[in-house]
Amino acid sequence: MSNDRDSRTAIVERKTKETEVFVSLDLDGTGEYDVDTGIGFLDHMLEQLSRHSLIDLKVRAEGDLHIDFHHTTEDSGIVIGEAVLQALGDLKGITRYGNAIIPMDETCTRVTLDVSQRPYLIWKVNFTKPKLGDMDTELFKEWFQAFAQAAGITLHIENMYGENNHHIVESCFKGLARALRQAIEIDPRKADAIPSTKGVLGS
């Protein structure tokens, strides 16, 4: 693991008997991505996350896909979350809160978050199909749960309405991207301050 607080970059690697995941990112990037998890639909979602958050993101994951996609999905969320947390450093100067409402054709999803080191996920999203491509739709909640926990983010995701399952999940990732982009921006009026009256975020 490594972290450069001045440039808000991080590299995290995680190796278990089930997966090997490598992530490097730059919070102040331009949305460049290079993603390969072995799961095509997940790759597509992580590319959306990078492009719409303007976080440069490289992901390499190898997992026990011969069993199912669960471990690779969850562990990629963990490692990306850990990398975001490391890159944020001491959290000084960040805007902290972010929100986005994302329309995609017939679908509309709301994402709100607090970069607080108090991880929590509210997930109000339902799917009408068990799979998108080869990926189980139930795994998307697992990814967001893993990400929120590892990044120390309070994350609320609510699909307000929608019919197309692809649109629903993509709007969730794009919503996270736009809300996260807002929350991690440096507030020039408080660039050296922790955004809390306590003087510290988390416990």
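This is a short talk on the helices, the cavity, the salt bridges and a surface patch of one structure.

The model is a predicted one. I will start with the two helices, because the cavity lining draws on both of them.

Helix H1 covers residues 40-53. It has 14 residues, and from its first C-alpha to its last it reaches 20 Å. That is close to the 20 Å expected at 1.5 Å a residue. Quite a few of its residues are buried: Phe 41, Leu 42, Asp 43, Met 45, Leu 46, Gln 48, Leu 49, Ser 50 and Ser 53. Note that the list includes Asp 43 and Gln 48 as well as Phe 41 and Leu 42. Just after H1 comes Leu 54, with a positive phi of about 65 degrees.

Helix H2 runs over residues 70-88 and has 19 residues. Its reach, first C-alpha to last, is 27 Å, close to the 27 Å expected at 1.5 Å a residue. What follows H2? Gly 89 does, and its phi is positive too, near 60 degrees.

Before H2 there is a loop that starts after strand S5, which is residues 56-63. Phe 69 sits in that loop. Is Phe 69 buried or exposed? Its relative accessible area is 16%, and the cut-off for buried is under 20%, so Phe 69 is buried. Phe 69 and Gly 38 are 31 residues apart along the chain, and their C-alpha atoms are separated by 9.1 Å.

For contrast, take Thr 107 and Gln 86. They are 21 residues apart in sequence, and 33 Å apart in space, C-alpha to C-alpha. Thr 107 belongs to strand S7, residues 107-115. Thr 107 is buried, at a relative accessible area of 1%.

Next, the empty space. Rolling a probe the size of a water molecule over the atoms shows where empty space is left. How many cavities of 30 Å³ or more does a search of the whole structure find? It finds 1. The volume of this largest cavity is about 50 Å³.

Which residues line it? They are Leu 25, Leu 49, Ser 50, Ser 53, Ile 55, Leu 57, Ile 80, Val 84 and Leu 180. H1 and H2 each supply at least two residues of that lining. H1 gives the most, with 3 residues. Leu 49, Ser 50 and Ser 53 have already come up among the buried residues of H1, and they are in the lining as well.

Now the salt bridges. The whole structure has 8 of them. I will go through some.

Arg 8 pairs with Asp 28, and the closest N and O atoms are 2.7 Å apart. Arg 8 is in the loop between strand S1 (2-4) and strand S2 (9-15), while Asp 28 is in the loop between strand S3 (19-26) and strand S4 (33-36), so this bridge ties together parts 20 residues apart in sequence. The two partners differ in cover. Arg 8 is buried, with a relative accessible area of 8%, whereas Asp 28 is partly exposed at 46%.

A second bridge joins Arg 14 and Asp 75, with the closest N and O atoms 3.7 Å apart. Arg 14 lies in strand S2 and Asp 75 in helix H2, so the pair ties together parts that are 61 residues apart in sequence. Here the acid is the buried partner: Asp 75 has a relative accessible area of 5%. Arg 14, at 27%, counts as partly exposed.

A third bridge is between Asp 136 and Lys 131, whose closest N and O atoms are 2.6 Å apart. Asp 136 is partly exposed at 24% relative accessibility, and Lys 131 is partly exposed at 43%.

There is also a network of salt bridges. Its members are Arg 96, Asp 114 and Arg 118.

Last, the surface. Which residues form a nonpolar patch there? Ile 101, Met 160 and Tyr 161 do, with about 300 Å² of accessible area together. Met 160 is in strand S11, residues 153-161. The relative accessible area of Met 160 is 31%, so this residue is partly exposed.

To recap: the lining of the largest cavity takes at least two residues from each of H1 and H2, and H2 also holds Asp 75, the partner of Arg 14 in strand S2.

Note on methods
Residues are numbered from 1 along each chain as its sequence is written. This is a predicted model: local features need pLDDT of at least 70, side-chain atom pairs count only at pLDDT 80 or more; totals for chains, interfaces and linings use all residues. Side-chain values use heavy atoms; hydrogens and water are left out. Helices (H or I, at least four residues) and strands (E, at least two) are DSSP runs, numbered from the N terminus. The expected span of a helix is 1.5 Å times one less than its number of residues. Patches are made of residues with over 30% relative accessible area and no salt bridge: like charges are joined within 9 Å, nonpolar side chains (Val, Leu, Ile, Met, Phe, Trp, Tyr) within 5 Å. Accessible areas come from the Shrake-Rupley method with a 1.4 Å probe; for residues, only the protein chains shown count as cover. A salt bridge is a side-chain nitrogen of Lys or Arg within 4 Å of a carboxyl oxygen of Asp or Glu. Buried means under 20% relative accessible area, exposed over 50%, partly exposed in between (1.4 Å probe, protein chains only). On a 1 Å grid over the protein atoms alone, a cavity is a set of points where a 1.4 Å probe fits but cannot get out, and a pocket is an open set with protein on both sides within 12 Å along at least five of seven lines; lining residues have an atom within 4 Å of a point. Grid points are joined across faces, edges and corners, and a volume is the space filled by probe spheres set on the points.
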